[in-house]
Amino acid sequence: MKIRIVSLFTGMTFIVVCILIAIVPTIYMPYLADATQSTKLIASLFLLAIATGLCLIRTLCNDNIYIRLSALDTCLLLLFIYLLLNRFISAPHAGFSMQLYELTALTALYILIRTFPTEYLSYLLLAIALAGGIQGLHGLLQLSGIAPSLHSSFPVTGSFFNPGPYAGFMVVTGILASGIYLYSNELTSKRKSLFSYISLAALISAAVILPALRSRAAWIGFAVGGMYLLAYRYNIRNRIACMSVPGKYFAGVSLLILLAATLYGAYGYKKQSADGRMLIYQVSLGIFKQHPLAGVGFDRFGSFYMDAQAGMFRETANISQFQLADNTCYAFSEPLHFLVENGIAGMLLLLALFIALVRIMVAEQHILIKQLCLSVLLAGFTFGLFAYPSYILSIKIIMITTLAILAHIEKNTVYRVNANVAVPALLTCLVAAASGVLLSAHLLMGFRNWKLARNSYENGLYEECMAEYKAAYPVLKHHGDFLMQYGKALSMAGKYDEAISILEQARRQLNNTIIETALGDSYKGKKDYRAAERAYLQAENMVPGRFYPAYLLMRLYDTAGQKDKALQKAEEILSKSIKVPSKAVEEIKAAAHELINSQKTASTLIIHP
C-alpha cells in the first residue's frame, strides 16, 4: 500500500514540476505591476508550494529514504550559502529582494528534481523543449500580428519584457530541442514520436524566431551549443586526437580565426551598442577594484553601478562616452556581474562548480543525457557572456533543471546518510522551501496594489494613488523600482518629506537618474536648494548626454537667484549634441534660449534705464 502511495505522489509531484517548467515562462497577468517578471515568480512559487506539499506526503510514506550529495550538489550548496551570507553581511538593510525570492524558488525546484526516479529525467528534458515550442508559437503569432507584443518598441518579445531575454530563452530551449531531435531514438525507448514531434516543433520555431530578434548574444550562444552537439555526435574529439601535429595546429588556428571574425562581425553589427557595453565593463571593473574580495553583495550591482558611472565621468570628462551612457542595472556579462557582486571568493566557488561540471562522471546509459544538459548550460553560459540571464527566471528554471539532472546522474558520491538522519533533514529542507514559496499570495497582493497605484499615477491622480502605494509598501519595501515610483509619486503630490524618505530607501536598492531627479525636485520643493543641486548634479553626472538633469539645474539656479550659474547651464544645454531627437529636447533648448534672451534683456535694461 505504501509503495502505491509513494508512486502516486511521486507522479503527481513530477506532473506539477513539468507544468512549472513548460507553462510558467508563458504566463502573463497584465493586472500585476512588472507583469512579465512578477507573474512568473508568483506562479512558480504557487506551483512549488503544491509540489512541495505532495513531496512531503510522499516522504512521510516512504521507508527507503536517504540523502546522497554528489560533487555538484556540494559545490552548489556551498555557493548558495555564500550568496546568502554575502548578501546579508554586506548589506543587512537590503532585505529580501525579488532575486532572493527567485533563489528560494530555484532551490526548492532543485531539491524536488533530485528526489525523482532516474527514469523521469528524460521527460523533464521534454518539458523544457515543450516550453520552447510554446514560446516559439507565441513569437510566431506576434510576428504575424495576431498576438500583441509586450513592448511598444519591439514587434516580438514572446512573454518577456524585451527581445533580449526572449532570445536567451529560445537559445537554451532550442539547443535542447536540437539534441532531443537528433537523439530521440537513443534517448528513450518509449513514446519516440512524442519526443520527435515536440522537439522538432521547438527547433523550427527557434530557427524562425531567433533571426527576427537580432540578438548577437543569442546567435553566438546557439552556434556554440550547436557545435558542441555536433562535436559529440561526430566524435570530433577523437578525430582531432588522430590528426597529425600540423593538422592540429591548422585546426586550432582556423578556429581562432573563425572566432575572431565572429566577434568582429558581432561588434560591427551594432557598434554603438557594443561601445556602450564596453563602457559598462569599464565602470564595473572599477567597482570590483574597490570591493575585490567579497564584492558588493548578491543582487547589489544596481545599488552601486550608476554612482560609480557618475564618479567616473566627474573625474574623467570623456565626451566620446557621454552619448554611450544610460541608466543600467546589469553588467551585460554574467561573469563580470557575478565578480562585482561576489568578489574573488565567490568566483572561486563558481570556478569549483565549473570544474565539477567538466569532470562529472556518469554511467554509460546516462552519457547522452549528460551531453544534452551540458549543451544547454554551454549555450546559456555563452549567451550570458553578453547578456543578463541571471535576472530572467524562465532561463534560470531551465538552467537549474539541467544542473539538478546532472547531479542526479553523477556517479561520484561525496556524502550519504541513512534514513534516520535523511528523513528529518529532507523534511526540514522541504518545509523551509514551502515556507518561502507560500509567499506567493502575499506577493500577488503587493504587485496588484502596485499596478493599481501606477494606473492612478499615470492618470495624474497623485493623491488617489497613495493608498495603493501604502498597501503595497510592506510587501515591496525592498524593491528598488517600486520605491522609486512611490517616491516620485509622493514628490509629485507635494509630500516632500515622505518622498525624500522613500527615495533614500530606493537609493540603497537601486540608483539612477530618475531617483536623483525626484530627490532634487523634493529638496527644491522644500527650498533646500543646496541639497537639490547635489541631487541634480549627481543625475547629470550619471548620464551626461541627457538634457533633462541639466534643464532642472538651469531652472533651480534661476529660481534660487543664481543667474550666472543659470546662464552657464543654459549655454551648456545649447552646446550639447543630441543623441535622439525628440520634442522634449527641442522644448528644453527653447527654454535655454528664452532664459539667455531674458538675461540679455535684463542686462540691457540695467545698463540703459
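Ser178 sits in helix α6, which runs over residues 163-182. In this predicted model, Ser178 has a relative accessibility of 11%, and since anything under 20% is taken as buried, Ser178 falls on the buried side. Looking past its neighbours within four places in sequence, Ser178 is in contact with Leu203, Phe222 and Leu229.

One helix that has α6 as part of its cover is α8, spanning residues 192-213. The 22 residues of α8 stretch 31 Å from the first C-alpha to the last, close to the 32 Å expected at 1.5 Å a residue. Its buried residues include a run of nonpolar names, among them Phe195, Ile198, Ile209, Leu210 and Leu213, but Ser196, Ser199 and Ser205 are buried in α8 as well. Besides α6, what covers these buried residues includes α5 (121-143), α7 (184-187) and α9 (216-233). Right after α8 comes Arg214, with a positive phi near 55°.

Stepping back to the whole chain, there are 27 helices and 2 strands. Of its 609 residues, 52% count as buried. As for contacts between residues at least 6 apart in sequence, 74% of them join residues at least 24 apart.

Then there is the matter of the core. In soluble globular proteins, nonpolar side chains tend to be buried together. Here the largest nonpolar core has 172 residues, and the members touching the most others are Val17, Leu72, Leu124, Leu372, Leu406, Leu443 and Phe447. Helix α17 (residues 393-409) gives the most to this core, with 12 residues. Leu443 makes a handy example: with neighbours within four places in sequence set aside, Leu443 is in contact with Leu41, Ile42, Leu45, Met98, Tyr101 and Val475.

Further along the chain lies α24, a helix of 14 residues (529-542). From its first C-alpha to its last, α24 reaches 20 Å, close to the 20 Å expected at 1.5 Å a residue. This helix is mostly covered, with 10 of its 14 residues buried. Among the buried ones are Ala531, Ala532, Ala535 and Ala539, along with Tyr536 and Met542; Glu533, Gln538, Glu540 and Asn541 in α24 are buried too. The buried residues of α24 pack against four helices: α13 (301-315), α23 (513-525), α25 (548-559) and α26 (563-575).

How does one of these partners, α13, lie against α24? The two pack at an angle of about 85°, with their axes 7 Å apart, which makes α13 roughly perpendicular to α24. On the α13 side, the contact is made by Met306, Asp307, Gln309, Ala310, Phe313 and Arg314, which meet Gln538, Asn541 and Met542 in α24. Sorted by class, this contact of α13 with α24 has 4 nonpolar, 3 polar and 2 charged residues.

Two other partners of α24, namely α23 and α25, also meet each other. Their axes come within 12 Å and cross at roughly 10°, so α23 and α25 are roughly parallel to each other. Thr517, Asp521 and Lys524 are the α23 residues involved, and they meet Leu552, Arg555, Leu556 and Thr559 in α25. By class, the contact of α23 with α25 has 2 nonpolar, 2 polar and 3 charged residues.

Technical notes: Residues are numbered from 1 along each chain as its sequence is written. This is a predicted model: local features need pLDDT of at least 70, side-chain atom pairs count only at pLDDT 80 or more; totals for chains, interfaces and linings use all residues. Side-chain values use heavy atoms; hydrogens and water are left out. The expected span of a helix is 1.5 Å times one less than its number of residues. Buried means under 20% relative accessible area, exposed over 50%, partly exposed in between (1.4 Å probe, protein chains only). Contact means heavy atoms within 4.5 Å. A nonpolar core is a set of buried Ala, Val, Leu, Ile, Met, Phe, Trp, Tyr and Cys residues joined through side-chain atoms within 4.5 Å. Axes are lines fitted to C-alpha atoms, for helices over the stretch in contact, and angles run from 0 to 180 degrees between N-to-C directions. Angles under 35 degrees count as roughly parallel, over 145 as roughly antiparallel, 65 to 115 as roughly perpendicular and the rest as oblique. Ala, Val, Leu, Ile, Met, Phe, Trp, Tyr, Cys and Pro count as nonpolar, Asp, Glu, Lys and Arg as charged, and the others, Gly among them, as polar.
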